[in-house]
Structure formats: structure tokens, C-alpha cells
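Reader: Hi! I'm in my first year and still learning to read protein models. Could you pick one part of this one and walk me slowly through it?

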Amino acid sequence: MIDIRQIRLTNEQILRYSRHLILPEVGMTGQKKLRAASVLIIGAGGLGCPIALYLTAAGIGKLGLVDFDVVDKTNLQRQVLYGESVVGVPKVEAAKERLQDLNPDVEIETYPVRLTSENALQIMADYDIIVDGTDNFPTRYLTNDAAVLLGKPYIYGSVFRFEGQVSVFLSKPFNGFERGPCYRCLFPSPPPPGTVPTCAEGGVLGVLPGIVGALQAAEAVKLIVGIGEPLIGRLMLIDTLRMDFRTVRIRRKPDCPVCGDNPTIRELIDYEEFCGLRRGEIPESADWFVTPQELKERLERDGNLVLLDVREPEELEISEFPHPYKHIPLDDLLERVNELDQTAEIVVFCRDDQRSRHAAQLLRQVGFGRVKVLKGGINAWAREIDPSVPQY
Ligand code: ZN
């Protein structure tokens with residue numbers, strides 16, 4: 001961190017931050033600490049948006065944003081940095097413009113890349129604190145391990161449907177706070193692939209990432225200013241349906257492979273493989289996929305084809321495939337596999353093609369040899385073939 005004795009606030013800045021300055025716990029010293037601090041946010045989505053907005057408003061010195069995605073219509077339900085005018089624009093670019101308007105004092109650094117084992121340490125090295133706004137397990141383990149290796153605080157948050165989690169992982173003392181457990185101490189191994197749906201598959205209450213992200217931003221401010229009791233060694237569990245907030249104690253594991261007494265992970269590993277995303281899988285090839293156009297031609301030619309929709313029942317109320325289809329949600333597929341003819345030619349589809357690829361993988365593993373995936377799912381069909389089908 002920069003030496004705060006070198007920092008002077010201008011009269012304009014004093015006015016801007018006056019509600020912080022009159023808080024005895026923050027005051028001029030605290031505001032200067034914020035100005036001297038740098039925070040890296042991994043992911044500029046549902047969580048990243050409120051985190052970035054509040055930290056920018058608070059007058060953090062430097063904010064880094066990592067995200068390789070572009071703004072999509074479905075983001076607008078919760079990603080409050082963006083609006084209609086930036087659909088299709090890279091998120092970090094749109095975010096920077098909005099944040100710079102909110103507070104031109106803050107230096108915003110953007111990284112329009114996917115965080116990987118190759119670039120994580122280098123990107124994270126320039127920041128005091130790492131805040132997690134991602135939605136997948138490989139990136140989360142990668143972020144945790146890199147934060148531990150660099151000895152930096154890692155503020156964790158996650159959301160799913162109506163529930164969220166927040167914690168602060170500290171593998172080294174920071175700004176007067178004692179160390180605590182890391183993400184791996186809490187979750188030593190990732191869930192089996194396909195068992196935990198992403199928000200794109202399972203849905204998320206739009207306001208939930210706002211709540212969780214705001215809590216993460218508050219924890220970042222507390223760590224920097226050095227006040228209160230951050231969620232070190234505690235996991236906050238949020239249930240917005242019951243509107244229940246609980247915290248449970250979590251302990252550091254002396255045998256943790258990354259932050260334990262004798263760590264075995266001393267450099268970043270292959271996190272996709274660690275999360276089982278490549279294990280035991282039949283490698284996909286190009287002939288697993290049909291494009292909407294190919295499917296259209298095929299359906300016009302003959303009807304000896306089974307269309308299999310693996311989406312959740314609620315999604316069928318949003319959009320339905322305009323040809324006869326069989327419906328088995330992905331979660332029930334193995335249980336109900338006997339309803340399908342192993343020798344039939346099957347084309348699986350879902351909203352895009354995440355779950356259908358998973359379904360094709362499962363079916364091929366149990367002996368279905370003629371399974372294909374509709375590339376881009378029912379949304380691609382709507383886009384390219386039949387605009388009367390709504391996209392979501
Ligand atoms: Zn650990």
C-alpha cells in the first residue's frame with residue numbers, strides 16, 4: 001500500500017467523502033487508507049457490479065476488473081452497472097465508463113481476459129485485496145490458491161437461486177487482522193461436475209447478488225480501514241426467501257493442501273481438471289453437434305428423430321420447441337433413461353448447449369451411440385430459424 005502520509009485530499013474530495021469523514025471509525029485517516037488501497041474484482045457480473053459500484057463510490061485508489069464477457073440482455077435483470085445502450089459491449093469497457101462517471105478519482109484497470117493459471121498471479125500481484133465475483137468452481141479454486149500463494153486477502157461471495165454465502169479468507173495477517181481459513185479449508189473438494197447448476201441454468205433472484213456483493217464491498221472497506229470484525233473464520237449464509245442471515249464458524253485446517261502447515265500445492269494447477277471437468281469424459285467431436293439450420297433440414301426430410309428437451313419444467317413455459325419433443329429434465333435423465341430408445345437418433349437441446357452437452361455425455365456413457373446436441377440450444381433456434389420462439 002501507498003504511504004498515507006503522502007496523501008492529501010482536495011476540498012472537492014473532502015466534500016465528496018464527507019459522510020465517511022464524519023464517521024469516527026473512518027475519518028480522514030480511514031479515507032486516506034481507502035485512497036491508498038487497490039482492489040481486484042474477478043468477474044464483472046451480478047456480484048462484480050455492486051462490488052465495483054460501492055468501492056468506486058467509496059474512493060478506493062485503484063480498482064481492477066477481470067472479465068472476458070460482453071453485456072447480454074439477460075444480464076440486465078441484476079447487473080446494475082449496465083443498460084440497454086451497452087448490450088454487446090465488453091463488460092469491463094462498459095463498467096469502466098460508468099464507474100469513471102461515478103468517481104473520476106478512482107484509477108480503473110481492466111483485464112478483458114479469462115483468469116487462468118497462467119495469468120492469475122501476475123494480475124493479482126498488483127492489488128492489496130482480491131474480491132471474488134465469479135460463478136464457477138475452477139475460477140474460485142484458482143482465485144483462492146493464487147491469493148494464498150501471494151498472501152493476499154480473498155473476499156468470497158456466491159449466489160444461487162435465493163441463497164448466498166459470504167466469507168473473508170485470510171492466509172496471512174492483514175492490517176491488524178489475524179489469519180483464518182481459506183476456501184479449501186471450507187470446501188476441500190469441488191462438487192462432482194454437473195451436480196451444482198450455474199445461475200444461467202438454475203436461475204437467481206436479481207436482487208440477491210446486490211445483497212451479497214454489497215456485503216463483500218463492506219468487508220473490503222473494513223479490511224482496508226482496519227475496523228470492526230470482518231468475516232474471517234466465519235461463513236455467512238443468506239436465505240432471501242426466509243430473509244434469514246446466519247453465520248457459522250469455520251476453522252483453518254492444519255492439513256489444508258494450500259494454506260496448511262505442510263502445503264502440497266506450491267504453484268497453480270489445472271483447475272478444470274481438479275474440478276473433474278475433464279475426468280472420465282468421452283471427448284466431444286464436431287459430429288456431436290447439429291446447427292439449427294441442419295436440424296431444420298433434417299426435420300423437413302424425415303421424422304425419424306427424437307428431440308429431447310432436458311430443461312426444467314418452468315422453462316417450457318417460457319419457450320417450447322415447435323416440433324414434437326420428449327421432455328426429461330437433466331437431473332432425472334439417468335433415472336428415466338429407459339424411456340428412450342438406445343438405437344434411435346436423438347437430438348438433445350436446452351436453453352443454450354451447456355446442459356444438453358452434459359446430457360449427451362451421460363447418454364453416450366451409458367451406451368447411446370447416436371446422440372447429438374443442438375448447437376446454441378432453443379435460443380439459437382429462435383435466433384436463426386423461428387423468431388416467434390422467445391429467447392431468454
Ligand atoms: Zn486452507
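Author: Let's begin at D309, whose bridge partner in β11 is H327. Keep in mind as you look that this is a predicted model. The two strands meeting here, β10 and β11, run parallel to each other and are joined over 2 bridges. D309 also has a partner in another strand: in β12, its bridge partner is F349. β10 therefore deserves a look from both sides, as it covers residues 306-309 and pairs with β12, again in the parallel sense, over 4 bridges. Another pair you can find between these two strands is L308, which stands opposite V348 in β12.

Now move across to β12 itself. This strand spans residues 346-349 and pairs with β13, residues 371-374, in the parallel sense over 3 bridges. To find the spot on your screen, look for V347, which stands opposite K372 in β13.

What covers or leaves open the two faces of β12? Here a general rule helps: in a regular strand, side chains alternate between the two faces of the sheet. In β12, I346 and V348 lie on one side, while V347 and F349 lie on the other. These four residues are all buried, and both faces of the strand are covered.

With these pairings in hand, you can put the sheet together. It is an open sheet of 5 strands with parallel pairing, and the order is β9-β13-β12-β10-β11. At its edges are β9 (289-290) and β11 (326-327), each of which pairs on one side only. H327, where we began, is the partner of D309 in β11, so you started at one of those edge strands.

Next, look at a helix beside this sheet. α15 takes in residues 377-384, and 6 of its 8 residues are buried, so the helix is largely enclosed by the rest of the structure. Which residues of α15 are the buried ones? They are G377, I378, N379, A380, W381 and A382. The cover over them includes α12, β12 and β13, so two strands you have already met come up again here.

α12 also leads to our next stop. Between α12 (292-301) and β10 there is a loop, and D302 lies in it. Is D302 buried or exposed? It counts as partly exposed, because its relative accessibility is 24%, and buried would mean under 20%. For a sense of distance, try finding S18 as well: it is 284 residues away from D302 along the chain, and the C-alpha atoms of the two are separated by 72 Å.

That distance invites a step back to the whole chain. Along its principal axes, the C-alpha trace spans about 75 × 50 × 40 Å. A compact globule of 392 residues would have a radius of gyration near 21 Å, and the chain's value of 24 Å agrees with that. In total, the secondary structure comes to 15 helices and 13 strands. Buried residues make up 51% of the 392 in the chain. Among contacts with a separation of 6 or more, 68% are between residues 24 or more positions apart. The chain exposes about 18,800 Å², with carbon and sulfur atoms supplying 50% of that area. As for charge, there are 45 positive and 55 negative charges, and their mean positions are 6 Å apart.

Before you go, here are three more places to visit. N175 has a positive phi of about 50° although it is not a glycine. You will find N175 in the loop between β6 (163-169) and α8 (183-186), and its relative accessible area of 36% makes it partly exposed. M243 is another residue other than glycine with a positive phi, here near 45°. M243 sits in the loop between β7 (234-239) and β8 (244-249).

The last place is in a helix: K96 belongs to α5, residues 91-102. With a relative accessible area of 33%, K96 is partly exposed. Leaving aside residues up to four places away in sequence, K96 touches I108 and T110. V70 is 26 residues from K96 along the chain, and their C-alpha atoms are separated by 13 Å.

Terms used: Residues numbered from 1 in each chain as written. Predicted model: local features only at pLDDT ≥ 70, side-chain atom pairs only at ≥ 80, totals over all residues. Heavy atoms only, no water. Rg over C-alpha atoms; globule rule 2.2 N^0.38 Å. Buried < 20%, exposed > 50% of the residue type's maximum accessible area, 1.4 Å probe, protein only. Contact = heavy atoms within 4.5 Å. Areas by Shrake-Rupley, 256 points an atom, 1.4 Å probe, with all protein chains shown as cover. Lys, Arg positive; Asp, Glu negative; His and termini not counted. Charge placed at Lys NZ, Arg CZ, Asp CG, Glu CD. Pairing = 2+ DSSP bridges.
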